[in-house]
2 protein chains.
Amino acid sequence: MSRIVNGDPTLRVRPETRASVEAAIDMLNYTPHPSARALRNARTGLLGFALNDVNDPIYAEMVERAQVEAAQQNFSLILLNTAELAQRGEAFREIVLGRRVDGLLIQSGLGSWEDAVQEIARAVPSVVFGADSLPGTRTMRLDDARAAQIATRHLIDAGHTSIAYVGAPGTSSERRFSAYRAALVDAGLPWLPAIDGGWTADESHEATVRFLGSGAQVTAIVAVTTTAALGAHSGIVAAGRRIPDDVALVSINDAWFARHLNPPLTAVWLPLGDLGALAVHEVIEQITEPRDGETVLTEPAPRLVVRGSTKTLATGRKDDDPGGQASDR
Amino acid sequence: MSRIVNGDPTLRVRPETRASVEAAIDMLNYTPHPSARALRNARTGLLGFALNDVNDPIYAEMVERAQVEAAQQNFSLILLNTAELAQRGEAFREIVLGRRVDGLLIQSGLGSWEDAVQEIARAVPSVVFGADSLPGTRTMRLDDARAAQIATRHLIDAGHTSIAYVGAPGTSSERRFSAYRAALVDAGLPWLPAIDGGWTADESHEATVRFLGSGAQVTAIVAVTTTAALGAHSGIVAAGRRIPDDVALVSINDAWFARHLNPPLTAVWLPLGDLGALAVHEVIEQITEPRDGETVLTEPAPRLVVRGSTKTLATGRKDDDPGGQASDR
DNA sequence: CTGAAAGCGCTTACAG
DNA sequence: CTGAAAGCGCTTACAG
């Protein structure tokens, strides 16, 4: 009976038996009780998604695709706070030690809780995002270097010679910074130390205002992510400079609001949604066979979307663009 | 033993017994098995949050506070798709009929799935957001009328006499529209039919461009929510008008990005986070004693935050502002 | 006050 | 091929 419900492929049963069982299921609108199933199978059908800040639209995109992918594989996504988990409080005991979830997706590489995240990832089947490769851990990230390179090259190609980078804490930002620097070095141009912004628009706003207020003479900025770019955008305006005439701006990541800024934000799109879906797929595989290793999601490739926050300088050289290029509105 | 773990208050036990049990719990790092508990108690400790669009930053704020509140009461939040649920597919059968969650938070009033939401809300202890009062259902919403009134009055007080409303499908927007219209009628000014935008920035952008392109001579716009205001913002710019000189703009809701627009967006803040937390509290109560009725969260009150997208017209009257008033940056 | 036993609804190994 | 029985880990009513 149970084997009919669950579609056991090794089962052979008379068609009439199967039919009568299926009729009963339909008539009673029978659904297996999830708790009983979970107890018996030692599987909850739950995946945890641990985030630092649900409000970041970049995460929202990942979460949405992750949720859809999970639902397709009959898993539900439960929302967790990285901070709560990392502080080994009630939540840690219940979720991680208590095995409330079958697997965990954890954001890392943001400069907080890195050690705790690693420990948790070893206790439960997990995929860690954004972090550098870690022995014993399954990590997954985007092609940060390529994206930062495309952003920086776009500015170089537009004729800029003095380009800054607005960053944030953690290894994700550091990888992007290195590629920014490398692109400038390659072009024989000077690079500047990263401006210490943050992962929120407010922090990057303050950092940008301070940086420009100190008399810095850059003509272009690369921002670590779209929220930071938004803060840089308002910061440039607050500092009394014009975009793109005085200071051009490119965002790594292309969140949905980029096109609605004034002027619209030139950005390098990265496949965040795909990363979320792929991570769910991976963590479900890990439940049955644990595996470590690093995946850098290079496809679909980062893609430059040119909008109004950058333009070719009158005096600038005009080369081909290195990345795929697109433009909207 | 079990009663010690769960802190049964009626239990009287020798202190030494209690101590030795607690020592054992600590030593073994014992956590009750959630699935077994769920099976025995017919409670999963799970609350579902059904959303149409996780990407809307307005929801993100609610979800975040709801998650924190749920965690404090030892519940986890699982993320659900309203569309999937409403279409009575696999998810409906599993989550609603299968009682995978103890309670449900559902967004409604957005013009889709209203009937299905109502049906689901009757099958599972639920709190429905944004909807009008429904018999047999626990509904909860913000003070839409007051917020729209404050927004509209702000523009009237600044001297505007031709004010439009950019709306979206559903009853939430209709309530705001009614208050917009009432405020204008009160002031003896003409009102216009709602401009049919949508809940996304892209839709409202298109609607605004079309509206302004048709030669409409309004000098100010009230937008149903911050995402719509963002679309209106970029739409006004795309139509070649200046903000606030040609067209002023006020948003109902004050999402985090409002202050970073250029010019920054004047907005009426509403307690969305509080609504999320309160809803979790309510739905947990409903699990033990079902109740219907409507709650309109009027406190904390809507609050006008004046930024650069509005200004007092040179020729305009200058009255006091009707709502609490604040301004930042 | 304390310990043993029953049962929540499922799945799977086993006997018929 | 089919049906009955055991057991997942808890909680609670019950016997001692």
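# Exercises on a predicted two-chain model

Just after helix α3 of chain A, Ala42(A) takes a positive phi of about 55°. Helices (H or I, at least four residues) and strands (E, at least two) are DSSP runs, numbered from the N terminus.

This is a predicted model, in which local features need pLDDT of at least 70 and side-chain atom pairs count only at pLDDT 80 or more, while totals for chains, interfaces and linings use all residues. Residues are numbered from 1 along each chain as its sequence is written, chains are lettered from A and ligands numbered from 1 in the order in which they are written, and side-chain values use heavy atoms, with hydrogens and water left out.

## Exercise 1: the helix before Ala42(A)

Task: state which residues of α3(A) are buried, and what they pack against.

Solution.

- Step 1. Buried means under 20% relative accessible area, exposed over 50%, and partly exposed in between (1.4 Å probe, protein chains only).
- Step 2. In α3(A), residues 34-41, the buried residues are Pro34(A), Ser35(A) and Ala38(A).
- Step 3. Viewed down the axis of α3(A), these residues fall within an arc of 100°, so they line one face of the helix. The arc is that of the directions from the helix axis to the C-beta atoms.
- Step 4. An α-helix has 3.6 residues a turn, so residues three or four places apart point the same way.
- Step 5. The buried residues of α3(A) pack against α3 (34-41) of chain B. Contact means heavy atoms within 4.5 Å.

## Exercise 2: the two copies

Task: describe how chain B is superposed on chain A.

Solution.

- Step 1. Copies are superposed by least squares on the C-alpha atoms of residues with pLDDT of at least 70 in both.
- Step 2. A rotation of 180° with 0.0 Å of shift along its axis places chain B on chain A, with an RMSD of 0.0 Å.
- Step 3. The two copies are therefore related as by a two-fold rotation axis.
- Step 4. In chain B, the C-alpha nearest the axis belongs to Ile78(B), at 2.2 Å from it.
- Step 5. The same surface serves both copies, since 100% of the contact residues of chain B recur in chain A.

## Exercise 3: the sheet

Task: give the strand order of the open sheet of 12 strands, and name its edge strands.

Solution.

- Step 1. Two strands pair if DSSP finds at least two bridges between them.
- Step 2. The order is β11(A)-β5(A)-β4(A)-β3(A)-β1(A)-β2(A)-β2(B)-β1(B)-β3(B)-β4(B)-β5(B)-β11(B), with mixed pairing.
- Step 3. The edge strands, each paired on one side only, are β11 (293-297) of chain A and β11 (293-297) of chain B.
- Step 4. From one strand to the next, the twist averages 25°.
- Step 5. As one pair, β4 (residues 126-129) and β5 (residues 138-142) of chain A run parallel and are joined by two bridges. Phe129(A) stands opposite Met140(A) in β5(A).
- Step 6. Helix α4 (residues 57-72) of chain B packs on the sheet and touches strands including β2 (76-81) of chain A and β2 (76-81) of chain B. The direction of α4(B) makes about 175° with that of β1(B). Axes are lines fitted to C-alpha atoms, for helices over the stretch in contact, and angles run from 0 to 180 degrees between N-to-C directions.
- Step 7. Helix α12 (residues 272-288) of chain B also packs on the sheet, and its direction makes about 170° with that of β5(B).

## Exercise 4: a strand of chain B

Task: work out how many residues of β6(B) are buried, and which way they point.

Solution.

- Step 1. In β6(B), residues 163-167, five of the five residues are buried, so the strand is largely enclosed by the rest of the structure.
- Step 2. Ile163(B), Tyr165(B) and Gly167(B) point one way, and Ala164(B) and Val166(B) the other way.
- Step 3. In a regular strand the side chains alternate between the two faces of the sheet.
- Step 4. β6(B) pairs in the parallel sense with β8 (residues 220-223) of chain B over four bridges, and Ile163(B) stands opposite Ala220(B).
- Step 5. β6(B) also pairs in the parallel sense with β7 (residues 195-196) of chain B, over two bridges. Here Gly167(B) stands opposite Asp196(B).
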